[in-house]
Every structure is written in C-alpha cells, then in structure tokens.
Amino acid sequence: MKNISIYMMSFFMAAGFVACNTFDEDYNGDVVAPQSYTEDGAYGTTFTVGESGAIDLRTVETQVSLFDVTAIPEFATVEGASVVYHALLSKTDDLADAQKITLTANGTALSAASSDLDAIVKAMYGKEPVARTVYARVMAAATDVNENTLSLGSGVKTLTLTPNMRTIAPSYLLYSTAAGATGVALNHSESSVYEDTSFQLMFEVTTAGQTFIIKSEDGTQTLGAAAGSETATEGTLVESDAQPITFGDPMWYKLTVNMETLAYTIEAYNMSPKLYVPGNHQGWSPSTAPQMLNPDMAGIYSGFMYLNGEFKMTGQPDWGPVEYNFDNVSSKSANITKGGGGNFNIEAGFYQLKYTLSTNSLEATPFTWGIIGSATEGGWGAQQNMTYDPAEGCWVIEDVTLTAGTDTNQFKFRGNDDWNYNFGGSLIDLKNGGDNIEVPSAGQWTIKLFFDADGTVHATMDKLDSPV
C-alpha cells in the first residue's frame, strides 16, 4: 500500500473509524435500515452540518439548499481524496424506513433536486400543502486514491418542508353565468381531495352557448378558461383572469377537472344520464318515478325498484319527447310481456331493471335482499332474508338479534345471496361495496332498506324505542 494509504489508515484508526468495504451497497439502497450514530462531534470535528430553515417547495427553484457543512470531513482534505454526499430522510427521529436523496455540494452548501425532495415528503405525508417535519442524517462518502472508502454520518437534523401542491378546496360548484343561477356541486369520491384530485359533474345544457364558471364552496377560488380558450373542450383552467367556459349545443355534458393540475375535459353525450320508470307501481308520474342510472355514460342504465304490472320508460321527468314502449325496444327478458297501449307488463315484484342502449334491450332480474355479517345469526356465511313491504316501499327484517362484540359487531346488506351486490357504509347513503356497518349495541332490532327513486340507497335501524 502506498504511503498515503498508510497515512489514511492511521487516520481512520485514530478517529475511531473502520474502512467500509460494504459502503457502496448501503449507499445505493433506496430505503436504508435504521443505523446507529452518535451526535456531531463524536468524530472530533470530522463532519458537522447545519440545517436550513423552513422550506416551501411550492416556491423554490429546481435545486434547494438543505444543509451547510460547518466542518469538512478531514479525510476529504487529503490529497487525491474525493467526497460525495447524500441524506437519509424519515418521518421519525430514529430514521426508520429512511429514504435516500442525493446531495450536490457547492462549496460548503449541500442541495437536493426539489422534485426528488417533493416526491419523498409526499410519499411520507401525502400531498396536502402543509408544513411537515422530516428528520435527516447527512452522509459523506470519502474515497482515497486507492479506492479505500469511508462513510461518515452527521447527527440527526430536522427539516420543515411544505409539499409542492396547490391548495384544493373541499368542494367546488359549477355556476351558470345567467342571473340568479345557483351552483351545482361537482362530484368527488369519499377519499381525501389530495389523494383523489378528480372532480366530475354530469349536467344538462338546455340553451346553446350557455356559459359557466367554477367556484370553491368556501369562496376562496374562482376557476375558468384562459382568455381565448372559452370554447375549448380540454385544456387547463386558470384562477387569474378566469373566463366563463362556453358550452355548445343543448345536450348532456360531463365535466372532469383535476384540481391538482387544473387540467379539464368536457365530453358531450347525446343521451341522458338517467331514465325514468313510471307505471302502476307509483301512479304513472314520471317526475316521481324510480330512475335507472347511466353513471358512466356508457349507455347502460340500471336501477333497483318495485314493479307491479304495466310501466313505461321516459328520458325526462315528464311525458315526451323520449318514451320507450314495448314495441320500440328490440329485446326484452322473458318475464316482460306486452300490456295495454303498448306498455311493458311484468308480475308484481322487486327487480333490477337494466336497459342497454347499444342493443336496445331491456331485462328485469328478480331480486331479494338480506343481511349478513359477524353480528348476525349466520355470521358471514349465511344471509338472513328480508321481506319487501310494498306499502312502505322498503325491505324489512323485524326483531332480528344482532350482537355487538369486538369481533361480532358488523353486517352488510346483500342481494340475491351474491357478493356482487353488497351495500354498506353510512346508513343514510349506502354504497355497493361500502364499508361494513357497525352495530352500536347488542339486542333486538328492526332494520329497513330503502331503494330511493333517485337511485340512492339508505337504511334505518330501530332498537325498541332507540332509533339509530
């Protein structure tokens, strides 16, 4: 070994270091296991750093300064030696599940790519633009001319980082610019607005050239088209000098906005998002009739409803201009026959009614409903059936025993003993595939399940004189 190497080895031993042959393996790992280091100064003044103040990643350049080397590694000062830096970043001060980020040295300043730093803090905490605490250890990898390698670590430092993300309001409304217009809320999933940034709305334009603007419900944001792009069917919304969006011919439109990037699309549909089913079962009133929904605008309409004899379908909550009779639907399931005046006719019962526009076909599938779960008599393996009450318009199970133990307090509503149809979540707004429903207390309950005319589903639970 050359004299410089002997000098270096003596330095390593005197400073309490051992040359690290496995450093490259650790250095290249994206996630680094927790390591034990003493505070700055354990290695004399070999390597110490100071951290930056709070950093808002929404306002920085492509490189952001994070640390300042206050005492340069002694090894780096030896002739022919080189040193590179990286940092281990974690949500916890023990650096558990630390993420590695490359640091660039410019004199004594150590910086990182803002995009890499942003990705790491979002992976740790999510996208919401609030200040987050991140713990860091700076690592220096020193290499001599004989390629002996030494890894030096600073003490744990604290960074305060705000992710690069625009503020997203909890809810947004679409307003027609016509005088006196009220806003219509854009739809959003049950996820956080920072996890799912997509907002959508299906709505009808009744007059050619109608104009609309988007506002946050809290009044802090107004979004519209950039000047000169008012009629564009896709693009990026702006907040500054927002212009009303102009829609074309009268028809149904689907507006989708990514509130992270403000990218938007407008899709036109020459079809309705719903069909109405008036008939004997509800007094032949289209405006109050149960609805078949076409949520994806794929031309497949479906809905759960009680039918009793003759019925029709309409494309609006009134008679005409769009009406469907027996003779103008090409294909029907065998249980649908022709009634008087060309109406559809079916035996009284509860059905899933499905109409497919592309094939002009209508099918009615009989359905029964029940409850199933750890809180019920049959557990998750056997459904307890409910009974349909036409007078009240709901499925009912009375005086059913429900348990409420730690592992025996949940149930769902299931249709036709088929897990493809399982409703859960909030009792006031049940969803297919929703979360299990928790029983508040053990005892005898009466449970009712309602399929509402607008396509929503809700339920009630009554325990003696204690409704829930």
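Start by selecting Asn409: with a relative accessible area of 15%, Asn409 is buried, because the cut-off for that class is under 20%. You will find Asn409 in the loop between S32 and S33. Leaving aside residues up to four places away in sequence, show what Asn409 touches: Ser374, Ala375, Thr403, Ala404, Ile437, Glu438 and Val439. Bear in mind as you go that this is a predicted model.

**Zoom out**

Now show the whole chain and colour by confidence. The average pLDDT is 87, and 88% of the residues score at least 70. Then select residues 1-46, where the pLDDT is below 50; in the model this stretch still has 81 contacts beyond near neighbours in sequence. Treat what you see there with that score in mind.

Switch to a cartoon view. The secondary structure comes to 3 helices and 39 strands. The protein has 468 residues, and 44% of them count as buried. Among contacts with a separation of 6 or more, 62% are between residues 24 or more positions apart.

**The nonpolar core**

Which residues touch the most other members of the largest nonpolar core? Select Phe350, Trp369, Ile371, Phe413, Ile447 and Leu449, and you have them; the core holds 27 residues. Next, colour the elements that each give two or more residues to this core: S22, strand S29 (369-372), strand S32 (394-402), strand S33 (410-415), strand S37 (443-451) and strand S38 (457-463). In soluble globular proteins, nonpolar side chains tend to be buried together. Your opening stop is close at hand in the sequence view, as Asn409 is in the loop between S32 and S33, and both of those strands contribute to the core.

**The largest pocket**

Turn on a surface and look for the largest pocket, which holds about 1,400 Å³ of space. To centre the view, select Leu293, Pro295, Lys431, Gly455 and Thr456, the residues nearest the pocket's centre among the 34 that line it. Strand S13 (198-205), strand S21 (291-293), S22, strand S34 (418-426) and strand S35 (429-432) each give two or more residues to the lining. Keep S22 highlighted for a moment: S22 is listed for the core and for the pocket lining.

**Salt bridges**

Side chains of opposite charge can pair when their charged atoms come close. The count here is 9 salt bridges, and three of them make good stops.

- Select Lys122 and Asp118. Their closest N and O atoms are 2.9 Å apart. Both residues sit in helix H3 (residues 114-125), 4 residues apart, about one turn of the helix. Are they buried or exposed? Both Lys122 and Asp118 are buried.
- Move to Lys312 and Glu323, whose side chains meet in a salt bridge at 3.8 Å, N to O. This pair links distant parts of the chain, 11 residues apart: Lys312 is in the loop between strand S22 (300-311) and strand S23 (313-314), while Glu323 is in strand S24 (residues 323-324). Lys312 is buried at a relative accessible area of 15%, whereas Glu323 is partly exposed at 27%.
- Finish with Lys338 and Asp327, where the closest N and O atoms of the salt bridge are 2.9 Å apart. Lys338 is in strand S26 (residues 337-338) and Asp327 is in the loop between S24 and strand S25 (331-332), so the pair ties together parts 11 residues apart in sequence. Lys338 counts as partly exposed, with 47% relative accessibility, and Asp327 as exposed, with 57%.

**Backbone details**

Show the backbone atoms for the last few stops. Where is the cis peptide bond? Look between Gly320 and Pro321, where omega is about 0 degrees; Pro321 is in the loop between S23 and S24.

Next, pick Leu95, a residue other than glycine with a positive phi, near 60 degrees. Leu95 lies in the loop between strand S5 (82-90) and strand S6 (98-106). Its relative accessibility is 3%, so Leu95 counts as buried.

The tour ends at Trp284, another residue other than glycine whose phi is positive and near 60 degrees. Look for Trp284 in the loop between strand S20 (274-276) and S21. With 28% relative accessibility, Trp284 counts as partly exposed.

Definitions and conventions. Residues are numbered from 1 along each chain as its sequence is written. This is a predicted model: local features need pLDDT of at least 70, side-chain atom pairs count only at pLDDT 80 or more; totals for chains, interfaces and linings use all residues. Side-chain values use heavy atoms; hydrogens and water are left out. A salt bridge is a side-chain nitrogen of Lys or Arg within 4 Å of a carboxyl oxygen of Asp or Glu. Buried means under 20% relative accessible area, exposed over 50%, partly exposed in between (1.4 Å probe, protein chains only). pLDDT is the predictor's confidence in each residue, from 0 to 100. Contact means heavy atoms within 4.5 Å. A nonpolar core is a set of buried Ala, Val, Leu, Ile, Met, Phe, Trp, Tyr and Cys residues joined through side-chain atoms within 4.5 Å. On a 1 Å grid over the protein atoms alone, a cavity is a set of points where a 1.4 Å probe fits but cannot get out, and a pocket is an open set with protein on both sides within 12 Å along at least five of seven lines; lining residues have an atom within 4 Å of a point. Grid points are joined across faces, edges and corners, and a volume is the space filled by probe spheres set on the points.
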